[in-house]
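Subject: Structure handover

Hello,

Here is the structure you were expecting, with my notes underneath. Please read them with the model open.

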Amino acid sequence: MQTIAAVARQPHGDFTIETLDLEAPRADEVLVRIAGVGLRHTDLVFRDQFIPYPLPAVLGHEGAGVIEAVGADVTGLEAGDRVVLGFSSCGHCARCDDGLPSYCTEFPPLNYAGARLGDGSSAFSAQGRAVSSHFFGQSSFAARTLVRARNVVKVADPDAPLAILGPLGCGFQTGAGGVMRSLACPAGSSIAIIGGGPVGLAAVMGAVLRDCAAIVLVEPVAARRQLARDLGATHVIDPAAGDVTAAIRAILPAGVDFGFDTSGRVAAIDAALAALAPRGMLGLVGVPPKADDALAINIAGMITYGQRVIGIMEGDSDPQTFIPELIAAHRAGRFPFDRLVTTFPLAEINAAIAAQKRGDCVKVVLIP
């Protein structure tokens, strides 16, 4: 069959809208008609070869849609099922057995190889030449795609807004899960969140769900600071206004219990570290501007105050249980992620990237 897709052909280049050939699903795959797919900075990181990825490629890893066909070995899924597409994991290693599939021992090849691991084949081709597929197990910048069945999370709620659910499969679960699962902030605790993009604002909503007493967002864009207030942040800080550590400690003189960095910027992380209370914990999810960026941590200080710094992948979430939890919270009005979303046609992906970079919108969802 054929499908329309946005194809990345060169680093830093525009995506091109093309008609590609798409294989039928293999035994462990499902064919999904995409209703909507989130646009993330991660897609551009791979397009631009910050992390090497074989081009040309169909990227996209926050898809949601309807299953049209299932492979011969697939159980528990059928044509007509409404689904969110998550990341790929093996399902049988120690971390998967622990309910932590984002730390699967096979995570990098399963999500970053650009092909099926079994035989190195791609689901997409153009005029007989392979176009890389299976990005995060899905490659959902397309009207239709093939997905590993293990990636698929069924949506039980018939009223859930399918077209905008895709970001729950990565960005929103990273932000919310980082606070709710990785840091597991207890009720009454304090948290400083660095960055008010989609992940940071999802973290704000996660902190509200965890009943944090003080939720501080550090964000330079005034409209996003106001949105954070509307979503439940108790304090907001403009980093351009002065010393961020001093501003956090003016609010919380004893320091903040938890920090959560979505920026990846060393200066911002240093400021959050300096604002931690004794036994404070800082979670890192932001991709740094340069691959060799590193932190300089005062070892004696870390020991003296018992502070901790952790890396977080996909919010430590198990998509099969956490995505339905977030959908239920949205239905109850307690996780209003739709307030972050602006939709664009998939054909306007390059304009959408520019709009998101300008700060015109918080979270882009592309509609094929």
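Which strands and helices do the buried residues of H11 pack against? Before the answer, one caution: this is a predicted model.

The buried residues of H11 pack against four strands, namely S1 (2-7), S2 (16-22), S16 (341-345) and S17 (363-367), and against helices H1 (41-47) and H6 (222-231). H11 itself runs over residues 349-358, and its buried residues are Ile349, Ala352, Ile353, Ala355 and Gln356. These residues are on the same side of H11 because they cover an arc of only 165 degrees around the axis. Lys357 and Arg358, on the other side of H11, are exposed. Next after H11 comes Gly359, with a positive phi near 85 degrees.

Helix H7

H7 covers residues 244-251, and Val244, Thr245 and Ile248 are buried in it. The buried residues of H7 line one face of the helix, since they fall within an arc of 100 degrees when seen down its axis. Their cover includes strands S10 (190-194), S11 (214-218), S12 (235-237) and S13 (256-261), as well as helix H8 (266-274). At the start of H7, the backbone nitrogen of Thr245 has a side-chain oxygen of Asp243 within 2.9 Å. Thr245 is thus named twice here, as a buried residue of H7 and as the partner of Asp243.

Helix pairs

Two packed helices are described by the angle between their axes and the distance between the axes. Two pairs are worth listing, and H5 takes part in both.

The pair H4 (residues 171-182) and H5 (residues 198-209) packs at about 40 degrees, and the axes are 7 Å apart. That angle makes H4 oblique to H5. Their crossing is right-handed. On the H4 side the contact is made by Gly171, Phe172, Thr174, Gly175, Ala176, Val179 and Met180. On the H5 side the residues are Pro198, Val199, Ala202, Ala203, Gly206, Ala207 and Leu209.

H5 also packs with H6, at an angle of about 20 degrees and with the axes 9 Å apart. Angles under 35 degrees count as roughly parallel, and H5 and H6 are therefore roughly parallel to each other. H5 passes H6 in a right-handed crossing. Here Leu201, Val204, Met205 and Val208 of H5 meet Arg224, Leu227, Ala228 and Leu231 of H6.

Phe172

Is Phe172, in helix H4, buried or exposed? Phe172 counts as buried, because its relative accessibility is 0%. Leaving out residues up to four places away in sequence, Phe172 touches Pro167, Gly177, Pro198, Ala202, Leu326, Phe335, Phe337, Leu340, Val341 and Lys363. Pro198 and Ala202 in that list are also among the H5 residues that meet H4. Leu326, another of the contacts, is 154 residues from Phe172 in sequence, yet the two C-alpha atoms are 9.0 Å apart.

Gln307 and Arg279

Gln307 sits in the loop between helix H9 (299-305) and strand S15 (308-311). Gln307 counts as buried because its relative accessibility is 15%, and the cut-off for buried is under 20%. A polar atom of the Gln307 side chain lies 3.4 Å from the backbone oxygen of Ala277. With residues up to four places away in sequence left out, Gln307 touches Leu273, Leu276, Ala277, Arg279, Gly280, Gly301 and Met302.

Arg279, one of those contacts, belongs to strand S14 (residues 276-284). Its phi is positive, about 65 degrees, although Arg279 is not a glycine. Arg279 is exposed, with a relative accessible area of 52%.

Other backbone points

His12 lies in the loop between S1 and S2. His12 has a positive phi, near 65 degrees, and is a residue other than glycine. The relative accessible area of His12 is 60%, so His12 is exposed.

Where is the cis peptide bond that involves Pro56? The bond joins Leu55 and Pro56, with omega about 0 degrees. Pro56 is in the loop between H1 and strand S4 (63-70).

Regards

Methods
Residues are numbered from 1 along each chain as its sequence is written. This is a predicted model: local features need pLDDT of at least 70, side-chain atom pairs count only at pLDDT 80 or more; totals for chains, interfaces and linings use all residues. Side-chain values use heavy atoms; hydrogens and water are left out. Buried means under 20% relative accessible area, exposed over 50%, partly exposed in between (1.4 Å probe, protein chains only). The arc is that of the directions from the helix axis to the C-beta atoms. Contact means heavy atoms within 4.5 Å. A polar contact is a pair of N or O atoms within 3.5 Å; within protein, one must be able to donate a hydrogen and the other to accept it, and residues adjacent in sequence count only if both atoms are side-chain atoms. Axes are lines fitted to C-alpha atoms, for helices over the stretch in contact, and angles run from 0 to 180 degrees between N-to-C directions. Angles under 35 degrees count as roughly parallel, over 145 as roughly antiparallel, 65 to 115 as roughly perpendicular and the rest as oblique. A crossing is left-handed if the near helix is turned anticlockwise from the far one by less than a right angle, and right-handed if clockwise.
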